[in-house]
Structures are given as structure tokens and as C-alpha cells.
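Good morning, and thank you for coming. I would like to take you through one protein model, beginning with its helices and then turning to its sheets, its pocket and some details of the backbone.

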Amino acid sequence: MVTIYDIAQKAKVSPSTVSKVINDYPSIPEDTKAKVRKIMAAMNYIPDAGAKALSKGSSYNVGVLAYFGTNISAFKHALFTEILDSFQREMNSHNYDLLFIAKNVTGRNGTFYQNCVSRGVTGTLLFGDLEDPEMREVIDSSIPKVAFDYMGDKMTGVYSDNYEKMRKMTSYLLSIGHRNVVFIHGENSDITRDRVKGFRDAVEEAGIPFKESMLLETLYTDRDSVKNITINLLRRVIPPTAIMYPDDYSAMAGISTIREAGLRCPEDISVTGFDGLNIGQVFSPALTTVRQDTDAIGTLLAQKLIEAMEEKENAHPELCEVRASFLVGASSGPVGE
């Protein structure tokens, strides 16, 4: 394997000069840089990214910490992968590489924070269950970080206009005649509270008395829980005419459960989701939902993380809202149709 010493010998310069050429030090003359780089190319030398980062006192590795629970793979979560796609493009355009943080590094178990440190990441993207104790340890640390669906004050958070879009989607259902509407929301968080408030405000603005029975809780993307809750709703003396689910996966599971009960969607029960995943639009019936702008979210997360990493002293946490869009699909319709 070609080393920095081989390049130095061939170029008749010191190893430290080769190192400075690799790191593009301005003190090295351009003709020397050109000569060394030509030799590096001819000898097919690939600089060690780890050594380069060490010489500069930082790495170009960014940790991705996506945690949805012990039995849920982040890569089966379409919202995560869609946001990650644009996040990765933006990070790569600034010469950063991504490392996926797990609980096992080199055969040894550790916390998420310990593994961030052991991998020497410069910054971290957090996604998923931000209330998990190990996620909180990273949030409370000095590692530069950003998170999706975070609304606290310890790091920059990027999220959609959940309140406005939930209010708009609820108002739409009420405008087409639905009065017996149930919202199955996700676990308690700032984002969930915004969505619940949007739902309640729309109901009260329509002059409909709010009842606690209009709200039920599940876990996001938990198909089994959603199925059980839907079955219980269908067994009510007066079943709802519309069910609003916390995400598109849950909405599709809900529609399947409604069909298994011998009912039709939307003729008997209208359904809405949230996220606007591509799969929800090719599903039959196509979902009425809120589409989160995953391209804008991922890009903004990357830009804010780069700011946090490169401007540590001057970077301050921000809350960044990205506008979503409301999609009316075939899964909802007027009462009685």
C-alpha cells in the first residue's frame, strides 16, 4: 500500500509537506502542490480520511441516530428514508460522510452517546423517539446536533406546521358533513400536542362540543395497536364516520381493518393519514393526508447541522418550521356517500 512516505520520497519533499498538500495548506507553493498531487495520482494514493481529520482536529463524519424502539428498523420507516435522502445529498456536497450509530461498536455494547464519542463524529442527526433516555443523553451532550420533530431549546429542531395542517384537515372533514370524528394520535410529544390542539380547535370552531372520546392514543406506525383501536371504534354503539390516524402507515392499517369488518372506505367511514408518503398515494384508496416536505426538511437539517459544527461558538439553537401540504385523496368523502 502506498504511504505518505513513498510520495515524499518520489517528490523529493518531506512527509510533512505531503501532509500539508493533502490538507491544502496555503503556505505550500502552488507548483509544489501540483507536483505532489500529480505523483499521488500516478501512484494511486488515497489519503487516509481519518488521519486527515486528526491533523485538522476534527472529522468529517456525521452520526445518524434514528431510534424508533428496540424492534423497529429505521430503514423500514419511509419518512426517515425520504428525509435522509436529501440530508445525505446536502451533507455529501459539503464533503461530510454519514455514520449510522448503533448500540454495538467493535463488538462492544455502549450507549448512543458513548458510540458517538468512540466513532469521533463531528455532529449528529437525531430522528425518532427523542424521549428515550439514551437519546436524551445525546441531546444533553456538547456534541453539535439537530433533530427532526424537535421543539425544545437544547438544539436546532426542524418540523412541519403540524398545528395548521391538522386543523385544516379536520376542518375539511367537518365541512363535508362529518360530526362524529375520532383522532387516533401518537405518543405524547410537542409535535403530537400541536396536532391534538389543531384537531380540537377545528372541532370547537365548527360549533361541535368536544368530547374526550374523540381522542385516542397509540404509538406512531404501530399497526397492531391501530388495528385493535379501530376494531373497538367499530364496536361503539354509534361508530365514527371518520377516523384520523397519526401517520400514513397507521391509516393504511386502519383501512384494512375497516374492510375486514365488512365496511367500505370512504362510503361507510372516511380515513385520513399524516406524512404524505408515496406509498399512501398508490394505495387504494389513495390517502387524504398531510404531505411533509421531506426534501426541504432533509436539506434544512443538513444546513443547520453544518452551521452547528462549523460555527460552534456562534451557532445557537433554532426552531425551523417547514410548510407541509394538504392532500385530498379518495379515502375521504361526504357522510353517507
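Let us begin with helix 1 and helix 2, which are roughly perpendicular to each other. Please keep in mind throughout that this is a predicted model. In general, two packed helices are described by the angle between their axes and the distance between the axes. For helix 1, residues 4-11, and helix 2, residues 15-22, the angle is about 105 degrees and the axes are 8 Å apart. Angles of 65 to 115 degrees count as roughly perpendicular, and that is why this description applies to helix 1 and helix 2.

Which residues make the contact? Helix 1 contributes Ile4, Tyr5, Ile7 and Ala8, while helix 2 contributes Pro15, Val18, Ser19 and Ile22. By class, the residues of this contact are seven nonpolar, one polar and no charged.

Helix 2 also packs against helix 3, residues 30-42, at an angle of about 90 degrees, with the axes 10 Å apart. Helix 2 is therefore roughly perpendicular to helix 3. From helix 2, the residues Thr17, Val18, Val21 and Ile22 meet Thr32, Lys33, Val36, Arg37 and Met40 of helix 3. This contact has five nonpolar, two polar and two charged residues. Val18 and Ile22 of helix 2 take part in the contact with helix 1 and also in the contact with helix 3.

I now turn to the sheets. As a general reminder, strands of a sheet pair through backbone hydrogen bonds, either parallel or antiparallel.

One open sheet has six strands in the order 2-1-5-6-7-13, and the pairing is parallel. Where are the edges? They are formed by strand 2, residues 97-100, and strand 13, residues 319-322, each of which pairs on one side only. From one strand to the next, the twist averages 20 degrees. Within this sheet, strand 6, residues 145-148, pairs with strand 7, residues 156-160, in the parallel sense over three bridges. In that pairing, Val146 stands opposite Thr156 of strand 7. Helix 13, residues 294-310, lies across strands 1, 5, 6, 7 and 13, and runs at about 160 degrees to strand 6.

Another open sheet has four strands in the order 9-8-10-11, again with parallel pairing. Strand 9, residues 215-217, and strand 11, residues 270-272, are at the edges; each has a single partner strand, so one side of each is left without a neighbour in the sheet. Ignoring direction, neighbouring strands here are turned by 20 degrees against each other on average. Strand 10, residues 242-244, pairs with strand 11 in the parallel sense over three bridges, and Met244 stands opposite Thr272 of strand 11. Helix 8, residues 162-175, lies across strands 8, 10 and 11, running at about 175 degrees to strand 10.

Next, the empty space. What volume does the largest pocket have? The value is about 1,000 Å³. Of the 40 residues that line this pocket, Phe68, Gly128, Asp129, Glu187 and Tyr220 are the closest to its centre. Strand 5, helix 9 and helix 10 are the elements that give two or more residues to the lining. Helix 9 gives the most, with four residues. By class, the lining has 14 nonpolar, eleven polar and 15 charged residues.

Finally, some backbone details. Most residues other than glycine have a negative phi, and most peptide bonds are trans. Against that background, where are the exceptions to be found here?

The peptide bond from Cys265 to Pro266 is cis, with omega near 15 degrees. Pro266 sits in the loop between helix 11 and strand 11. Ser284 and Pro285 are also joined by a cis peptide bond, with omega about 0 degrees, and Pro285 is in the loop between helix 12 and strand 12. As for phi, Asn95 has a positive value, near 70 degrees, and is a residue other than glycine. Asn95 lies in the loop between helix 5 and strand 2, and strand 2 is one of the edge strands of the six-stranded sheet.

That concludes my presentation. Thank you for your attention.

Definitions and conventions: Residues are numbered from 1 along each chain as its sequence is written. This is a predicted model: local features need pLDDT of at least 70, side-chain atom pairs count only at pLDDT 80 or more; totals for chains, interfaces and linings use all residues. Side-chain values use heavy atoms; hydrogens and water are left out. Axes are lines fitted to C-alpha atoms, for helices over the stretch in contact, and angles run from 0 to 180 degrees between N-to-C directions. Angles under 35 degrees count as roughly parallel, over 145 as roughly antiparallel, 65 to 115 as roughly perpendicular and the rest as oblique. Contact means heavy atoms within 4.5 Å. Ala, Val, Leu, Ile, Met, Phe, Trp, Tyr, Cys and Pro count as nonpolar, Asp, Glu, Lys and Arg as charged, and the others, Gly among them, as polar. On a 1 Å grid over the protein atoms alone, a cavity is a set of points where a 1.4 Å probe fits but cannot get out, and a pocket is an open set with protein on both sides within 12 Å along at least five of seven lines; lining residues have an atom within 4 Å of a point. Grid points are joined across faces, edges and corners, and a volume is the space filled by probe spheres set on the points. Two strands pair if DSSP finds at least two bridges between them.
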